[in-house]
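Please walk me through this model in the viewer, one selection at a time. Tell me what to select next and what is to be found there.

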Amino acid sequence: METVILLAEDEKKLRDMTAQHLKQEGYKVALAADGLEAIHYWQELQPDLLVLDLMLPGLSGWEVLKKIRQKHDTPVIVLTARADEVDKLLGLELGADDYITKPFSPRELSARIKAVLRRSRPQEPSALISFHDLRLDPERMEVFIGDVLLKLTASEFKILMLLAGNPGQVFSRLYILERVFGDMYEGYERTIDTHISNIRHKMEAADNGQVSIKTVYGIGYKLTAGE
Ligand code: CA
């Protein structure tokens, strides 16, 4: 199956060079020279991944990312020339999957693309998720710690499934909120804290748990094993 990458970059030389390298790597590459083209091709081609320059004419990369995230979780790797944009990226939680600062080598970009694609390929919905003594069965919506069945609400289950599907990965509150409640969410990022706290209590009550949800200060949550 062909992997389609949409590359949105207004500097022609960089765009052509990057595209050539990605084609050599076996990807099918589509090109956009500004933000509006990026949105257009994203809708038309439904690429597997978007490489997005932040400083684009027309519609900025920021706006492109925001629009895309309102509708879909297409993996996005952001290209940026400025360190302060990276701070902003992390702060605003717009949901880029990774970023690279310019100048970068094509090889570095390929490595990031591979990693992001590997992470984002959806799990089979029926696949069991397990991490140490934690097991989730998405079909039955059941969670076990060892032999103990946890009674989670649907929201709690979805949050735990997200965390357990990617152990060690930190998820921001906003990301969890959007991922779990989609476009339907109302309320605040802090509601996630309440859900997490409930999940924690239920996990702790199951005894002997090796797995716990850690707070990553200023960012969000991750699932870890041991202390
Ligand atoms: Ca640019």
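A residue counts as buried when its relative accessible area is under 20%, as exposed when that area is over 50%, and as partly exposed in between. The model is predicted.

**Calcium site**

Begin with the calcium ion. Its protein donors are Asp10 (OD), Asp53 (OD) and Met55 (O), at 2.1 to 2.4 Å from the ion. Along the sequence, these donor residues follow the spacing D-x42-D-x1-M. Now colour by accessibility. Aspartate 53 is buried, because its relative accessibility is 3%, under the 20% limit. Methionine 55, at 48%, is partly exposed.

**Parallel sheet**

Next, select the five strands of the open sheet with parallel pairing; their order is 2-1-3-4-5. Strand 2 (28-32) and strand 5 (98-101) are its edge strands, each pairing on one side only. From one strand to the next, the twist averages 20°.

Zoom in on strand 3 (residues 49-53) and strand 4 (residues 76-80), which run parallel and are joined by 4 bridges. Within this pair, leucine 50 has valine 76 of strand 4 as its bridge partner. Aspartate 53, a donor of the calcium ion, is the last residue in the range of strand 3.

**Helices on the parallel sheet**

Add helix 1 (residues 12-24). This helix lies across strand 1 (4-8) and strand 2, and runs at about 165° to strand 2. Select threonine 18, which is part of helix 1. Is threonine 18 buried or exposed? Its relative accessible area is 3%, so threonine 18 is buried. Leaving aside residues up to four places away in sequence, threonine 18 touches Leu7, Phe104 and Leu109.

Then show helix 5 (residues 106-120), which lies across strand 1, strand 3, strand 4 and strand 5. Helix 5 runs at about 175° to strand 5.

Stop at the loop between strand 5 and helix 5, where proline 103 is placed. The peptide bond joining lysine 102 and proline 103 is cis, with omega about -5°. Most peptide bonds are trans, and most residues other than glycine have a negative phi.

**Antiparallel sheet**

Move on to the open sheet of 4 strands, with order 6-7-8-9 and antiparallel pairing. Strand 6 and strand 9 (148-150) are at the edges with a single partner strand each, so one side of each has no neighbour in the sheet. Ignoring direction, neighbouring strands here are turned by 20° against each other on average.

Strand 6 and strand 7 pair over 3 bridges in the antiparallel sense. Serine 130 has arginine 135 in strand 7 as its bridge partner. Helix 6 packs on this sheet and touches strand 6, strand 7 and strand 8, its direction making about 120° with that of strand 7.

Two loops of this region merit a backbone check. Histidine 132, in the loop between strand 6 (129-131) and strand 7 (134-137), has a positive phi of about 50° although it is not a glycine. Histidine 132 counts as exposed, because its relative accessibility is 52% and the limit is 50%. Methionine 141 sits in the loop between strand 7 and strand 8 (142-145). Its phi is also positive, near 55°, and at 43% relative accessibility methionine 141 is partly exposed.

**Helix 6 and helix 8**

Keep helix 6 (residues 154-165) on screen and add helix 8 (residues 190-205): their axes come within 10 Å and cross at roughly 85°. Helix 6 is therefore roughly perpendicular to helix 8. To see the contact, select Ser155, Glu156, Ile159, Leu160 and Leu163 in helix 6, which meet residues of helix 8 including Ile192, His195, Ile199 and Met203. By class, this contact has 7 nonpolar, 3 polar and 2 charged residues.

**Strands 10 to 12**

Finish with strand 11 (residues 211-216) and strand 12, which pair in the antiparallel sense over 6 bridges. Serine 212 stands opposite threonine 224 in strand 12. These two strands form a hairpin with 3 residues between them, and glycine 218 in the turn has a positive phi of about 80°.

Strand 12 (residues 220-225) is also joined to strand 10 (residues 171-172) by 2 bridges, and this pair runs antiparallel. Here serine 172 stands opposite glycine 220 of strand 12.

Methods: Residues are numbered from 1 along each chain as its sequence is written. This is a predicted model: local features need pLDDT of at least 70, side-chain atom pairs count only at pLDDT 80 or more; totals for chains, interfaces and linings use all residues. Side-chain values use heavy atoms; hydrogens and water are left out. Donors are N, O and S atoms within 2.8 Å of the metal (3.2 Å for Na, K and Ca); water is not among the atoms, so sites may look incomplete. Buried means under 20% relative accessible area, exposed over 50%, partly exposed in between (1.4 Å probe, protein chains only). Contact means heavy atoms within 4.5 Å. Two strands pair if DSSP finds at least two bridges between them. Axes are lines fitted to C-alpha atoms, for helices over the stretch in contact, and angles run from 0 to 180 degrees between N-to-C directions. Angles under 35 degrees count as roughly parallel, over 145 as roughly antiparallel, 65 to 115 as roughly perpendicular and the rest as oblique. Ala, Val, Leu, Ile, Met, Phe, Trp, Tyr, Cys and Pro count as nonpolar, Asp, Glu, Lys and Arg as charged, and the others, Gly among them, as polar.
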